[in-house]
Amino acid sequence: MAGGKVNDGPRILVFSTDKISDPAIDMAGLLKLHYPPTVYTISIPCSSAVKPRWILHALEQGFDGVFIAADGTDCPYGESCTEKTGQVVSTTMQMMKDKGMDPARLKMAAICSVCSEPFVNHVKSFSEYLRKSSNS
Amino acid sequence: MNMQEPRKTLEYDVLVIGGGIAGGESAINLANLGYKVLLVEKDLSIGGKMILLSKVFPTLDCAACITTPKVSEIARHPNITIFTGTETRKITKKGEHRFEVDILQKPRYVHIEDCTGCQLCEEACPVSVTDEYQYGLVGRKAAFIPFSIASPRVAAIDIENCTLCGACERVCPTNCIDFTMTEEEFLVKVKAIVVATGFNLFDPLKIPRYGYGKFRNVLTSMQMERQLAPTRPFNTVLRPGDGKLPDNIAYVLCTGSRDKSVGNPICSQICCMYSIKQAQLLMGALPMADITIYYLHIRAFGKGFNEFYVQAQDMGVEFVKGKVGKITEKENGNLILRYEDVEAGTVQEAEHDMVVLSVGVLPNLGISDVFENEKLELDPFNFINQSDMLASPAKTSIEGVFVAGTASGPMDIPDSILSGGAASAETTSYLRRESL
Amino acid sequence: MKKKIGVYICHCGGNISDYVDVEKVREAVKNEEGVFLAKTTMFACADSNQKEMVEDIRKEALDGVVVASCSPKLHLLTFRGVVERAGMNKYNYVHANIREQVSWAHSDNKPGATEKAIQVVKAAIAKVRHAEALEPIKVKSTKAVAVIGAGVAGMRAAIELAEAGAEVYLIEREYFVGGRTAQWDDLCITEETGKELVTRLYDEVMKHKHVTLFTGAELVDYSGSVGNFNLKVKVTPRYFKLQCSSDELQKAIEVCPVEVPDEFNFNITTRKAIYHNYPSEYPQLPAIDMKNCTRCGECEKVCSSVDFSQKTEMLNLKVGSILLATGFDPYEPKKGEFGYGEIDNVVTFPQFKRIVHYCDDKLMYKGKEIKHIAYIYCVGSRQVDGENKYCSRYCCTANIHTAITVKKKYKNIYNYHFNRGIRTYGKAEVWYDESSRLGDIYLQSFEDHPPVVEKRGDQTFVKIRDILTTDKELEVAADLVVLVTGMVPRADNSIGNLLKVPKGRDKFFNEIHMKLRPVETVIDGVTIAGASQGPKNIMESMNSALAAATKSFSLVDSGELALEPTVARVNEEACEWCGKCEEACPYSAFEKVEKNGKTIAKVNAAVCKGCGMCLPVCPENALDLIGLSDEDVESMIDALIPNA
């Protein structure tokens, strides 16, 4: 059992997708692949629907990082998803820079519907990065 | 003992026999058009063989991700009634659009509607037996949920092995375990029937020279499938002999296919591709492992299949053209394959630490015997004969009885689903003719 | 804003409660704004709890419900059903996943799991607070289907659709139906001929009063969407009156001075500009090929049925769904590919089928008797250098079957199969076996060492490094070389371009998902069947045709379609039409409209799939998804941050 303060690690908001990456995150639980409980998920239809303002809102309200679990090439809404999600990320990163935020607090990776292990690895290393950067 | 109740009569538009992916597709299509469907499945869960697979070729999407939503759609559909653990005993055609079917539901000793799948009974049960849903790789209890994504995902009591100790009953929070349940017979009246009874896998015990059952590191492809599935027993790929990670795996294609000596002259149509798929997955799971596929011809014929085959070659999967004659076991559990190397023109030997037998597709016999007054004809290979294969592929020798999926011959999943769609289409027009 | 929200937190028989203190979760959320009641339950999905929920909703007049349990993939629809049974709009239900994404994922950290569960349930409450009741978008649909292509797949689909009760327009570009099967004699597995199969299907099509067949007809334009497509079909006349005496027709053909290659025989013969139809082609009516006709008028002089006054017609058809069964083209080898077009006894497999068709007791080609036949497989398929990486599926079986037929029909035939691994899959294996038994010779090479065809003197040789005989170089003198050509997509893709049907890597039409939705395309209402989707044999084409017919029929059957209402919404005040949303939308769901003197974007709700790709591109933030507004998302984010 974790001692000390409950859930004191870096807070990460994950935007997952209803049909592709959220099922992978579910399966991570099914397989008991543990990751920090400070990782929260909001599931949306498609990763290219994330508005930069949502990301900024999360970061400004207290999340340490935002992770977009993108559909990648599996997106049921078409191949342009990858490019469009990339566009959202680069636009937001620019906005973050303008606000003096570390753009590395936003991260994106394609998470296929069975990519449970990659998901866990991504959020763990992201969490590690955020922990280090907040200490430095 | 309870008094045998008089048998109940049920009426539906269509009886679908077999709740695998083809039968399920037919049932959903018919139910969506408003027909009342009874789906009978002899197993404890619907979903057929597909629900137990890992990922599927050539797209590598996970089998469970495709089957579970389909299965729950079937289970939820207001026009579909599902009977699991149920056998079809007798079918009599009384006239066009008039079939009478005797079905027998075996007792599950659990009330499906009350069981919440909490698994407390499983924990409490003291009896361990081999788990057939994990193809014998691990054990299960006598009170058990067949597998984690079963539908219905509820417990069953394996009465053959149960000691009637009552431990499960005591822990069940909803009191749904009931040892007084008995077999129940129903008379079902339907207007049309879809036969989707699927296939059987070849039993490699019939080829003793491959050592299956004797050499512990010789597995069937279905056992490897379970080791790779998301609901896998070990969470990794292991040699059953000693629990070591294998690093040099061989596939023996055409085990029980294209082999007249075991009575199956035809090609099973799926083994090349599932072996290539497993090889690709293994390269992901065990990056250091060498994988060799011994083949006669690679049948990579479907959409995206040849590309998938080439991809496996590019990934480094070794393809050796040659028939494996014999397998022997070394003391350390490694296996020696003796094979005819076609390219070299000689007989060669190679050592592997795990061998997967790519077992073929055999007809699921028996369903033709339950037809009483009309004959359900079989083809020369004992699959259900398609009486008008080119114009009406779902038609059988009996008007009003249609066939879907691998009951009519080897097929891969996309073809089975299309065939299920075809069977529902032909059933629909047969039913429409009644109302005209 | 909801004031009477019911919250149910599930133990899941320990699956959740072993790691999450559900009572603590209940305590933490029961006083959240709008929450009227908060309960824990052993199994939320169990029948007993479902009944209790229905009673609570009715008795307490709840206006929103949250269940915190397993993944929404399992039970979202279950609980939507529960609230609907209680008379609540199902969009007032929100699901919180505290099993897969909380208790199981953090089973190593119970306090952490409990804290996360509290935030997750609070976020769901935040979302349900401003949930709105929504109704599915209903669109009327026309109970009619257009089937494009009257080959065997198209005809079969048309019959099935008509039997099921739809009005069917069967649209064939050529003057004759039957497609590729009409050009084929013996078919594999069954002993039927192409002519017999086409005749059977055509007779059924003609018999059916709900199928209207148009020949010489092309879909040239369309508008609308699923349920209501408006099609523009151009119908080119045959320039023949229906009644036509065969004597006069024969004379007209004789006098026609225009001779062109006959594509029905894959150009091994020629025909006149007046089509003389083949017995396997229907309707059995001649036609004049206006692309090649010189309008010399000779035919008119001898045949009273010729009628040049017939005009091209434009038809407007209304259908609810479009089924594409446009078939394939046989691969046409390049000049010089295995000697094709340069060595005179090199032909393609389809040509070979026609040659066999025209030969009686002796197999002859160009005046020479054929005894030694070399078949070269995978021509145009599994290309190492070319673009066609796929296997054409049908050719191994079809060719071996033909080789056997030839061997049985004529004396002293020697078959040599130069292959790259024979793919007679499934039951077709028996043909391969039989051909080997009959003494056919199989020679195999790998991809990188294809056989070579050479002419030396007046003899044609095929050379191979045969891996079956340890890479020996072997040579066969052949009287005829048959290039076993594969299937390629139709060269003319005007229909695919018009409907924007996506193509796969192999350039055939692509389905949404090979297993989940194998006959649907991303264009709602457009289904695909037969070899237009990729190489298939006849039986496989029929299966896909029937499956596609079922799918198309289900779209038009009830006369009405219910679509998910969670689509994009334009804030008309904020929108300053810039067109970026239109660019981003993969479904062309946006249009530019004038409203109150302002140009703004309008969403066609029947076309929008609710993916949200348009949301981030709007510079005015004037777009939302219904059910996923900024308020929804941001209030959830706020709720996920624990109060410090």
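# A tour of chains C and B

Start with chain C, which is divided into domain 1 (5–134), domain 2 (144–236 + 312–327 + 493–556), domain 3 (246–302), domain 4 (330–488) and domain 5 (564–626). Keep in mind that this is a predicted model. Colour the domains separately, then pick out domain 1 and domain 5 of chain C: their centres, taken over C-alpha atoms, are separated by 33 Å.

**Chain C as a whole**

Show chain C as a cartoon; it has 16 helices and 34 strands. Its radius of gyration is 33 Å, well over the 26 Å that the globule rule gives for 644 residues, so chain C is more spread out than a compact globule. Turn the chain along its principal axes, and the C-alpha trace spans about 95 × 70 × 45 Å. Of the 644 residues in chain C, 52% are buried. Take the contacts in chain C between residues at least 6 apart in sequence: 71% of them join residues at least 24 apart.

**Two helices in chain C**

Next select residues 152–164 of chain C, helix α6, together with residues 194–207 of chain C, helix α7. The axes of these two helices come within 9 Å and cross at roughly 35 degrees. The crossing of α6(C) and α7(C) is left-handed. On the α6(C) side, display C:Val152, C:Met155, C:Arg156, C:Ala158 and C:Ile159. They meet C:Leu197, C:Val198, C:Leu201, C:Tyr202, C:Glu204 and C:Val205 of α7(C). By class, nine residues in this contact are nonpolar, none is polar and two are charged.

**Where chain C touches chain B**

Now bring chain B into view. The contact takes 55 residues from chain C and 53 residues from chain B. On the side of chain C, the helices α6, α7, α12 (429–437) and α14 (538–556) each supply at least two residues. Select α14(C) here, since you will find that it gives the largest share of that side, eleven residues. The side of chain C that touches chain B has 25 nonpolar, 13 polar and 17 charged residues.

**Two helices in chain B**

Move to chain B and select helix α1 (residues 21–32) with helix α8 (residues 413–435). Their axes come within 8 Å and cross at roughly 40 degrees. The crossing of α1(B) and α8(B) is right-handed. From α1(B), the residues in the contact include B:Ile21, B:Ala22 and B:Gly23. From α8(B), they include B:Gly420, B:Gly421 and B:Ala423. By class, this contact has six nonpolar, ten polar and one charged residues.

**An enclosed helix in chain B**

Select residues 221–228 of chain B, helix α5. Seven of its eight residues are buried, so α5(B) is largely enclosed by the rest of the structure. The buried ones are B:Ser221, B:Met222, B:Gln223, B:Met224, B:Glu225, B:Arg226 and B:Gln227. To see what covers them, add elements of chain B including β15 (199–201), β16 (218–220), α6 (271–285) and β22 (354–359).

**One residue to finish**

Last, centre on B:Asp102, in strand β8 (residues 98–105) of chain B. B:Asp102 has 17 C-beta neighbours inside 10 Å and therefore counts as partly exposed. Leaving aside neighbours within four places in sequence, B:Asp102 is in contact with B:Arg89, B:Lys90, B:Glu185 and B:Leu187. Finally, add B:Arg7, which lies 95 residues from B:Asp102 along the chain; the C-alpha atoms of the two are separated by 9.7 Å.

How values were computed:
Residues numbered from 1 in each chain as written. Chains lettered and ligands numbered in written order. Predicted model: local features only at pLDDT ≥ 70, side-chain atom pairs only at ≥ 80, totals over all residues. Axes fitted to C-alpha atoms, helices over the stretch in contact; angles between N-to-C directions. Helix = DSSP H or I, 4+ residues; strand = E, 2+ residues; numbered from the N terminus. Left-handed = near helix turned anticlockwise from the far one by under 90°. Contact = placed C-beta atoms within 7 Å. Nonpolar A, V, L, I, M, F, W, Y, C, P; charged D, E, K, R; others polar. Domains from an automatic or database assignment. Rg over C-alpha atoms; globule rule 2.2 N^0.38 Å. Buried ≥ 20, exposed ≤ 12 C-beta atoms within 10 Å, placed from the backbone.
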